Amino acid sequence: MDKIYDVVIIGAGVTGCAIARELSRYKLSVLLTDKENDISCGASRANSAIIHAGYDPEPGSLMAQLNVDGNRMTGDICEKLNVPFKRIGALVLAFNDEDMETVEKLYRNGVANGVPGVEIIGREKLRELEPNVSENAVGALLSPSAGIINPWEYTIALAENAVENGAEYKLRFETASITRESGVDGASIFTLTSAKDETVKARCIINAAGVHSEEIARLGLFGEDVELGFRTIPSKGQYFLLDKTQGTLFSRVMFQCPSKVGKGVLVSPTVHGNLIVGPDAVDVDDPDNTCTTSDALAFIRKTASLTTDTVSYRDNIRNFSGIRPNTDRGDFVIEPSPVEARFINSAGIKSPGLSSAPAIAVKVAELVKESGIELAEKESFVETREVVRFRELDNEERAKLVAEHPEFGRIICRCETITEGEILAAIHSPITPLSLDAVKRRCGAGLGRCQGGFCGPRVLEFLVRELGISPNDVLKDLDGSWIVKLRDDETTN
Ligand SMILES: Cc1cc2nc3c(=O)[nH]c(=O)nc-3n(C[C@H](O)[C@H](O)[C@H](O)COP(=O)(O)OP(=O)(O)OC[C@H]3O[C@@H](n4cnc5c(N)ncnc54)[C@H](O)[C@@H]3O)c2cc1C
C-alpha cells in the first residue's frame, strides 16, 4: 500500500521550506514537493533579498503582523542555520512634499505595526549617513531593523534542516490533479497526481505554490461550487546585479517611496557585497516567463538615478527577474480551503513573503493543528546547520582545514574564493544538486564577476565524478538547460 504522509507540501520556495522545517519539529511524516529539479526555483530565488522591517503593510493586515514577526525571527534562524544575514537598516527617500507625506504615513504604519526604531530624518542626517545619496533627497524614513539576506541559501538551509529532521522531498513532481476519498476515521485522504502520472498520498495538503497557488487552491475545491476568494495577478520585477566594485556605494537599503504597484526601485548592497538595483513592477500574463527586457532595465536605471547617479552600469554582471504572486485580496491568503480544513492554502505570498516566511510557517502549523492533526514535539529536533566557508576563516583556521582536508586547499571559483571542498560538500548535501546553478545556490561557486565562466566546467566535472552521471545529464539550471552533448562514441574517461 502507498505510504500516506501526514502532510504533503506543494511548492519548495521559502514558504514551503519554512513550513517543512517548522513541521519537522513534530512527530509527523512530511513530504516537500516541487515541480522543478531543485529547491528555490520560483520567486524565492529572484527578489530584492530584503528582510523588510514591516512599515509597508497596512496596520491590522496579516502581512503587517507576519512581516514584523518574521523579521524578528529571521536573525535567530539565520544564526542557527548558518545563513548570511546582515541587519543593515533601510532608508525610504523623499524627494518632495508629497513623498514626505508618504514617509510620514510609513512612519505611522511602522509605529502601529510595532517596527522597532523607526524615525524620520532630515536632509543633513541623511547625507551624513549616506554621502552618495542624491542632493535632491530632502528627508527619509530610517528603519534600522531591515536586513539583507541570500534568499536562495536561506530557502535551501530551511529545506536541508527539515530533511535533516526527517522530512522527505520529491522534486520534479508537478501536482496536476488532486482527488480525495474518505479514510477510516472519516477524514479525507488526498491523492496528488503529477504531470508524469506519479502519485503521493496525504492526510493534509499545504499549498505553497507561489505564483501557481491559485491553480492549486482551485484543485482544493474538489469541484464544489464555492468561491475561492482570491485571484492571482502576476507582476514581474527586473534587476541589475553589479560587481563588488559598486557594493560599497551605500551602507543601507535605499528605497524610494512605494506606490500602488510595489515598493519602488531600490539600490542596495547585497549580503555578498555586490550592488542590486531594481525592481520595476509590471503585470504579466505568463507567470513563468522570467526574461528581462531592455525597456524595463532602462526604466529601472532612469528611476534609480533619482537615488544616486554614481552607479557604474559598466560593472553590471547579471540581469534577472522574478514574478510576484500578487492577488486581488491585497493580503496574504493563509487559510484552509473553503471545503476542506486539511487543505491549507498559503497563497498569494508576495512581498514581504521572504521576510515573513518563519512567521507564516508558525501560522500554517497552527492551522494544521486546528484541522485535528496532532502536533507532538520531537525530542530529537536539531535546529542548527554547519557550513564551512573557507573565505571566512582566518589563516590559522585555513591551514588546519587544508592539512586535514586537502580539497579545501584548491580554489575553484576564483571570483568568490570557493574551494573544491565546499563544492564537494554542496554536492553531498542533504538535497542533491543536479545543476551548476544548484551548486552555486548552495556554496556560491559561479556567483561572482565571471558568473561561472571559469569554474563552471570544473563544477560540471565534479558533478559527473561525484554523482556518477553523464556530462549529458548535467544542467545549467532548470530541466532542459543542458550544457554539453557528447557524441554517441565519446566518454568522459
Ligand atoms: C521582484 C520581486 C521582489 C521581491 N522582493 C522581496 C523582498 O525584498 N523581501 C521580501 O520579503 N519579499 C520579496 N519578494 C517576495 C518573495 O520573493 C516571495 O514572497 C516569496 O519568495 C514567495 O515564496 P513562495 O515559497 O510562496 O513562492 P515561490 O518561491 O515562488 O515558490 C513556489 C514553488 O512552487 C512550485 N510550484 C508551483 N506550481 C507547482 C505545482 N503544480 N506542483 C509542484 N510545485 C509547484 C514552484 O516551482 C516554486 O518552487 C519579492 C518578489 C519578487 C518577485
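Two residues are in contact if their C-beta atoms, placed from the backbone, lie within 7 Å. The model shown in these close-ups is predicted.

**Close-up 1. Helix α1 meets helix α8.** From α1, the residues in contact are Val14, Thr15, Ala18, Ile19, Arg21, Glu22 and Leu23. From α8, they are Gly353, Leu354, Ala357, Pro358, Ile360, Ala361, Val362, Val364, Ala365 and Val368. By class, this contact of α1 with α8 holds 13 nonpolar, 2 polar and 2 charged residues.

**Close-up 2. Geometry of the α1 and α8 pair.** Two packed helices are described by the angle between their axes and the distance between the axes. Helix α1 spans residues 14-23, and helix α8 spans residues 353-370. Their axes lie 8 Å apart, at an angle of about 45 degrees. The angle is why α1 counts as oblique to α8. The crossing of α1 past α8 is right-handed.

**Close-up 3. The shell around the ligand.** The ligand has 40 residues around it. Gly13, Gly42, Gly210, Gly237 and Gly353 come nearest. Three elements, α1, β18 (316-327) and α8, give two or more residues to this shell. Sorted by class, the shell has 16 nonpolar, 18 polar and 6 charged residues. Gly353 appears here among the nearest residues, and Gly353 is also one of the α8 residues that meet α1.

**Close-up 4. Helix α10 crosses helix α11.** Helix α10 covers residues 420-427, and helix α11 covers residues 436-443. Their axes come within 9 Å and cross at roughly 110 degrees. Angles of 65 to 115 degrees count as roughly perpendicular, so α10 is roughly perpendicular to α11. On the α10 side, the contact uses Glu422, Ile423, Ala425, Ala426 and Ile427. On the α11 side, it uses Val439, Arg442 and Cys443. The contact of α10 with α11 has 6 nonpolar and 2 charged residues, and no polar ones.

**Close-up 5. Val68 and its surroundings.** Val68 sits in helix α2, which runs over residues 62-81. Val68 counts as buried because it has 25 C-beta neighbours inside 10 Å. The cut-off for a buried residue is 20 or more. Leaving aside neighbours within four places in sequence, Val68 is in contact with Gly54, Asn113, Gly114 and Val115.

**Close-up 6. From Val68 to Gly409.** These two residues are 341 residues apart along the chain. The C-alpha atoms of Val68 and Gly409 are separated by 42 Å.

Conventions:
Residues numbered from 1 in each chain as written. Predicted model: local features only at pLDDT ≥ 70, side-chain atom pairs only at ≥ 80, totals over all residues. Helix = DSSP H or I, 4+ residues; strand = E, 2+ residues; numbered from the N terminus. Buried ≥ 20, exposed ≤ 12 C-beta atoms within 10 Å, placed from the backbone. Axes fitted to C-alpha atoms, helices over the stretch in contact; angles between N-to-C directions. Parallel < 35°, antiparallel > 145°, perpendicular 65-115°, else oblique. Left-handed = near helix turned anticlockwise from the far one by under 90°. Nonpolar A, V, L, I, M, F, W, Y, C, P; charged D, E, K, R; others polar. Near = placed C-beta within 6 Å.
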